[in-house]
Amino acid sequence: MNIEKWIIAHFSPTGGTKKIADAIAAGFHIPVAELDLTEADSAISLGKNDALMAVLPVYAGRVPQVSLERLAALKGNGQKAVAVVVYGNREYEDALLETRDALEANGFRVVAAAAFIAEHSIVRSIAAGRPDPEDEALCRQFAAEVMAKSDYAPPVQVPGNIPYKELKPAVFHPAANENCVKCGTCARQCPMGTIPLDAPSLTNNDLCINCMRCVQVCPVSSRALPDAFLNVVTQMLNENAAGYKNPTVFL
Ligand SMILES: Cc1cc2nc3c(=O)[nH]c(=O)nc-3n(C[C@H](O)[C@H](O)[C@H](O)COP(=O)(O)O)c2cc1C
């Protein structure tokens with residue numbers, strides 16, 4: 001394909017999605033520019049010979065709505081795009097279709113898509129160590145196959161259902177315990193701006209999307225989901241997300 005530069009837009013609160021984005025980017029062998037969608041004011045411009053790759057995590061069979069809202073700032077005019085979702089070894093359900101549809105609605109022609117696997121950001125023992133070297137090799141291979149496609153490749157078909165799986169608001173959210181030192185790290189890094197800088201216990205749960213960034217970045221491990229909720233999720237995932245799942249590509 002005739003592409004001058006890839007714009008790689010990723011939403012990666014705990015880093016797994018970005019690992020996949022980086023591994024695919026490494027296989028393009030042409031210049032890339034990154035757009036971090038966890039930042040509210042992320043901005044980048046797209047040239048007429050640039051292409052866009054959106055790499056988004058799967059949340060409850062969908063993708064975070066905020067990532068689509070921020071992605072929508074990037075308007076295409078028939079440029080090529082690739083849709084990639086990253087999931088925690090359970091299922092990706094309607095996430096890839098939703099991402100493909102959003103890119104098309106923004107004016108892009110989606111020529112390839114993929115679903116890769118990364119550690120589950122709520123229960124880190126699920127898909128622990130993914131992406132592994134085999135995943136990374138498949139990411140580079142996917143990039144090479146995308147680059148080898150014809151400029152006239154038709155839009156790609158991906159699995160998923162319309163209407164998409166219903167979005168349900170989460171009932172439980174991470175909270176800080178008494179070990180919190182009010183350093184503000186979580187507040188500064190929350191993609192949704194839900195945590196007041198000087199009062200982390202006053203998290204605005206109406207805005208929180210449970211992305212686990214605050215849990216991961218807390219320097220004193222003060223933030224966590226409630227134990228009872230975590231136990232239920234762990235049991236569900238031990239039943240539904242066991243075994244080694246392989247990435248799937250659509251070319
Ligand atoms: C709120 C939430 C919901 C999730 N839902 C799913 C899911 O439906 N299926 C799945 O396989 N993984 C699910 N995961 C796991 C993430 O898709 C996976 O860990 C992803 O790599 C997280 O991206 P990040 O590391 O870039 O933050 C979920 C994670 C979170 C935080």
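**Entry 1: getting started**

Before anything else, I note that helices here are DSSP runs of H or I with at least four residues, that strands are E runs of at least two, and that both are numbered from the N terminus. I also remind myself that this is a predicted model.

**Entry 2: the domains**

I looked up how the protein is divided and found domain 1, covering 5–163 + 246–250, and domain 2, covering 175–224. I then checked the distance between their centres, taken over C-alpha atoms, and got 27 Å. Each side brings 8 residues to the contact: 8 from domain 1 and 8 from domain 2. On the domain 1 side that touches domain 2, I found 5 nonpolar and 3 polar residues, but no charged ones.

**Entry 3: the ligand**

Where does the ligand lie relative to domain 1 and domain 2? I found that both domains give residues to the shell around the ligand, so it lies between them. There are 26 residues around the ligand, and the ones that come nearest are Ser12, Gly16, Thr17, Gly88 and Arg90. The elements that supply two or more residues to this shell are α1 (16–26) and β4 (80–87). Of these, α1 gives the most, with 3 residues. I sorted the shell by class and wrote down 11 nonpolar, 11 polar and 4 charged residues.

**Entry 4: α1 meets α4**

Since α1 had come up at the ligand, I followed this helix to α4, which spans residues 133–147. Their axes come within 7 Å and cross at roughly 50°. That angle falls outside the ranges for roughly parallel, antiparallel or perpendicular, and the two helices are therefore oblique to each other. I noted the crossing of α1 and α4 as right-handed. From α1, the contact uses Ile20, Ala23, Ile24 and Ala26; from α4, Glu136, Cys139, Arg140, Phe142 and Ala143 take part. I split the residues of this contact by class and got 7 nonpolar and 2 charged, with no polar ones.

**Entry 5: backbone details**

I kept a general point in mind for this last look: most peptide bonds are trans, and most residues other than glycine have a negative phi.

Which residues does a cis peptide bond with omega of about -5° join ahead of α4? I found arginine 130 and proline 131, with proline 131 placed in the loop between β5 (109–117) and α4. I came across another cis bond running from isoleucine 162 to proline 163, where omega is near -5°. Proline 163 sits in the loop between α4 and β6 (175–176).

I finished with alanine 60, where phi is near 50°, a positive value in a residue other than glycine. To find alanine 60, I went to the loop between β3 (50–57) and α2 (65–71).

Terms used: Residues are numbered from 1 along each chain as its sequence is written. This is a predicted model: local features need pLDDT of at least 70, side-chain atom pairs count only at pLDDT 80 or more; totals for chains, interfaces and linings use all residues. Domain bounds come from an automatic or database domain assignment. Two residues are in contact if their C-beta atoms, placed from the backbone, lie within 7 Å. Ala, Val, Leu, Ile, Met, Phe, Trp, Tyr, Cys and Pro count as nonpolar, Asp, Glu, Lys and Arg as charged, and the others, Gly among them, as polar. A residue is near a molecule or strand if its C-beta atom, placed from the backbone, lies within 6 Å of it. Axes are lines fitted to C-alpha atoms, for helices over the stretch in contact, and angles run from 0 to 180 degrees between N-to-C directions. Angles under 35 degrees count as roughly parallel, over 145 as roughly antiparallel, 65 to 115 as roughly perpendicular and the rest as oblique. A crossing is left-handed if the near helix is turned anticlockwise from the far one by less than a right angle, and right-handed if clockwise.
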